[in-house]
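Visitor: Hi, I'm new to this one. Could you walk me through it?
Guide: Sure, here it is.

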Amino acid sequence: MAQLKEQSNKHFSNTEETTARPETIWKIWTDVSGWKNWDIGLKNATMEDSFHLGTIGKITSLEGRKSKFKVVAFEANKSYTFKTKLPLGALYVKRTLRVENDLTYFTHEVWFKGFTSGIFAKKFGPKFREMLPRVMANIKTIAEK
């Protein structure tokens, strides 16, 4: 998956490469209670069931905002997308893996949709975009240990 041609506060992504196996990244990504270990914007995350299509989870930001999310797309060991409802809109996060030349490439894509997408992109987009490279570097460090 290539980087987005035009990054904006409304739709952005980051791709990192690692020598870690894709299964290692997948395990890190689907261990919801461990998200707080690498996502610098999270205080806590939980999930009601094992990680699969339709599962519901909860996240708590560092500021204490609590949100529910739902896994809305799932391809085991390759990608998943979760959706967090916002007033008159939604925040989507898609995580994708690919292997090329014995390296694992993992991509984290974020976008806002809906009537209020511009408002939420303006409020949260800059902070999320700024944090994303550090989040990805944290995942890489954990995976390569």
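Visitor: Which element gives the largest share of the lining of the largest pocket?
Guide: That's H2, with 7 residues. A quick note before we go on: this is a predicted model, where local features need pLDDT of at least 70 and side-chain atom pairs count only at pLDDT 80 or more, while totals for chains, interfaces and linings use all residues. Residues are numbered from 1 along each chain as its sequence is written, and side-chain values use heavy atoms, with hydrogens and water left out.

Visitor: What do names like H2 stand for?
Guide: Helices (H or I, at least four residues) and strands (E, at least two) are DSSP runs, numbered from the N terminus.

Visitor: Back to the pocket. What volume does the largest pocket have?
Guide: About 580 Å³. Grid points are joined across faces, edges and corners, and the volume is the space filled by probe spheres set on the points. The search uses a 1 Å grid over the protein atoms alone: a cavity is a set of points where a 1.4 Å probe fits but cannot get out, whereas a pocket is an open set with protein on both sides within 12 Å along at least five of seven lines. Lining residues have an atom within 4 Å of a point.

Visitor: And which lining residues are the closest to its centre?
Guide: Of the 29 residues that line the largest pocket, those are Leu42, Ile59, Arg65, Leu91 and Phe128. The elements giving two or more residues to this lining are strand S3 (56–61), S4, S5, S6, S7 and H2.

Visitor: That's a lot of strands. In what order do they sit in the sheet?
Guide: The sheet is open, with 7 strands in the order S1-S7-S6-S5-S4-S3-S2 and antiparallel pairing. At the edges are S1 (11–18) and S2 (42–47), each of which pairs on one side only. The twist averages 20° from one strand to the next. Two strands count as paired if DSSP finds at least two bridges between them.

Visitor: How many bridges join S6 to S7?
Guide: There are 12, and the two run antiparallel. Val93, for example, has Val110 in S7 as its bridge partner, and Lys94 is partnered with Glu109 in S7.

Visitor: What stands opposite Ser13 in S7?
Guide: Glu109 does. S1 and S7 pair in the antiparallel sense over 8 bridges.

Visitor: Is S7 largely enclosed or left open by the rest of the structure?
Guide: Largely enclosed, because 9 of its 12 residues are buried. Buried means under 20% relative accessible area, exposed means over 50%, and partly exposed is in between (1.4 Å probe, protein chains only).

Visitor: OK, on to S5 and S6. What do they form?
Guide: A hairpin with 2 residues between the strands. S5 (residues 79–86) and S6 (residues 89–100) pair in the antiparallel sense over 8 bridges. Leu86 stands opposite Gly89 in S6, and Lys83 is opposite Tyr92 in S6.

Visitor: What about phi for Leu88?
Guide: Phi of Leu88 is near 55°, a positive value in a residue other than glycine. Most residues other than glycine have a negative phi. Leu88 sits in the loop between S5 and S6 and counts as exposed, at 62% relative accessibility.

Visitor: Where is Asp102 found?
Guide: In the loop between S6 and S7. Phi of Asp102 is also positive, near 65°, and at 66% relative accessibility Asp102 counts as exposed.

Visitor: Switching to helices, what does H1 touch on the sheet?
Guide: Helix H1 (residues 22–30) packs on the sheet and touches S1, S4 (66–75), S5, S6 and S7 (103–114). Its direction makes about 160° with that of S6. Contact means heavy atoms within 4.5 Å; axes are lines fitted to C-alpha atoms, for helices over the stretch in contact, with angles from 0 to 180 degrees between N-to-C directions.

Visitor: Which residues of H1 are buried?
Guide: Pro22, Ile25, Trp26, Ile28 and Trp29. They cover an arc of only 160° around the axis, so they are on the same side of H1. The arc is that of the directions from the helix axis to the C-beta atoms.
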